[in-house]
Amino acid sequence: MPPNARTASAYPPLNLEVHTPRLSLLGATDDLLEQLVPVVREGVVKEPPWPFDDPISHYKDGPEREWAWLRAIWAGRGRVTEGFWRLYFVVFLYGRPVGVQDLIGTNFSKFGTVDTFSWLSAESRGQGVGKEMRQAILHLAFEGLGARQADSAAFVDNIASNRVSQALGYEPNGMDWDTRRGDPAELRRWRLTRDQWRRTRRDVITLKGVAACLPVLGIPTPRAR
């Protein structure tokens, strides 16, 4: 099913769309997740840099890997409170599913801060797609939801992710730790304010379905721009 043939859902977050000239972020319905399963199945990580210990980064073959990934998304879609929500998107590049892009809000109504998470198929890397995915989700966060700040983190040896943050105007925001393959590893943290985002924003990015989604996320009206 091509992205332009989607059936509207009764649940507004699944109708969210973000479009750039060459890619689309579409709310992760079950139909779109099924289209992405073959990409996840082929995406087993076999060499460094190792990613986070999350369901899409398991270092084993399926079908257990795909089951864990789907269960994590189903559970995450259902966990929506005033203090926490996570929006899941399937990324389509020229109409082909290539990865995921998430936007996470913790106490967003109080602080206006978000985190981002993404995963991209190996064959789609090195073409600027990761940067464009981040630009798209930041446009949703700042322009659509009225965020004040976006945070990001990557392991210190994940050169590509850290370069994306630098290129988009993030500033260093300290160090942290997380696990990969069960072992602790150091993270580099980044922060992007609204003013910093404005310097690199792209006006060719379009949003769809935002207004209907705001009450679901506890955002009754857009923040002052």
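Let's start with Glu66 and Arg41. Their side chains meet in a salt bridge, 3.1 Å from N to O. Bear in mind that this is a predicted model. Where do Glu66 and Arg41 lie? Glu66 is in helix 2, residues 64-78, and Arg41 is in helix 1, residues 30-41, so the pair ties together parts that are 25 residues apart in sequence.

Now the surroundings of that pair. Is Glu66 buried or exposed? Buried: the relative accessible area of Glu66 is 5%, and the cut-off for buried is under 20%. Arg41 comes out at 41%, so Arg41 counts as partly exposed.

Next pair: Asp157 and Arg180. They form a salt bridge too, and the closest N and O atoms are 3.0 Å apart. This one also links distant parts of the chain, 23 residues apart. Asp157 sits in the loop between strand 6 (149-155) and helix 5 (159-167). Arg180 belongs to strand 7, residues 171-180. What about accessibility? Here the acid is the partly exposed partner, since Asp157 has a relative accessible area of 32%. Arg180 is at 14%, which is under the 20% cut-off, so Arg180 counts as buried.

Third pair: Glu132 and Arg22. Their side chains meet in a salt bridge at 2.7 Å, N to O. How many residues apart are Glu132 and Arg22? The answer is 110. Glu132 is in helix 4, residues 129-144. Arg22 is in the loop between strand 1 (17-19) and strand 2 (23-27). Both Glu132 and Arg22 are buried.

That pair has company. Which residues join Arg22 and Glu132 in one network? Arg202 does, through salt bridges that share partners.

So much for single pairs. Over the whole structure, a search finds 13 salt bridges. The three pairs I showed are among them.

Now the overall picture. The protein has 7 helices and 9 strands. There are 225 residues, and buried ones make up 48% of them. On contacts, take those with a separation of 6 or more. Residues 24 or more positions apart account for 63% of these.

Last, the surface. The protein exposes about 10,900 Å². What share of that comes from carbon and sulfur atoms? They supply 51%.

To recap the pairs. Glu66 with Arg41 ties helix 2 to helix 1. Asp157 with Arg180 links a loop and strand 7. Glu132 with Arg22 links helix 4 and the loop between strand 1 and strand 2.

How values were computed: Residues numbered from 1 in each chain as written. Predicted model: local features only at pLDDT ≥ 70, side-chain atom pairs only at ≥ 80, totals over all residues. Heavy atoms only, no water. Salt bridge = Lys/Arg side-chain N within 4 Å of Asp/Glu carboxyl O. Helix = DSSP H or I, 4+ residues; strand = E, 2+ residues; numbered from the N terminus. Buried < 20%, exposed > 50% of the residue type's maximum accessible area, 1.4 Å probe, protein only. Contact = heavy atoms within 4.5 Å. Areas by Shrake-Rupley, 256 points an atom, 1.4 Å probe, with all protein chains shown as cover.
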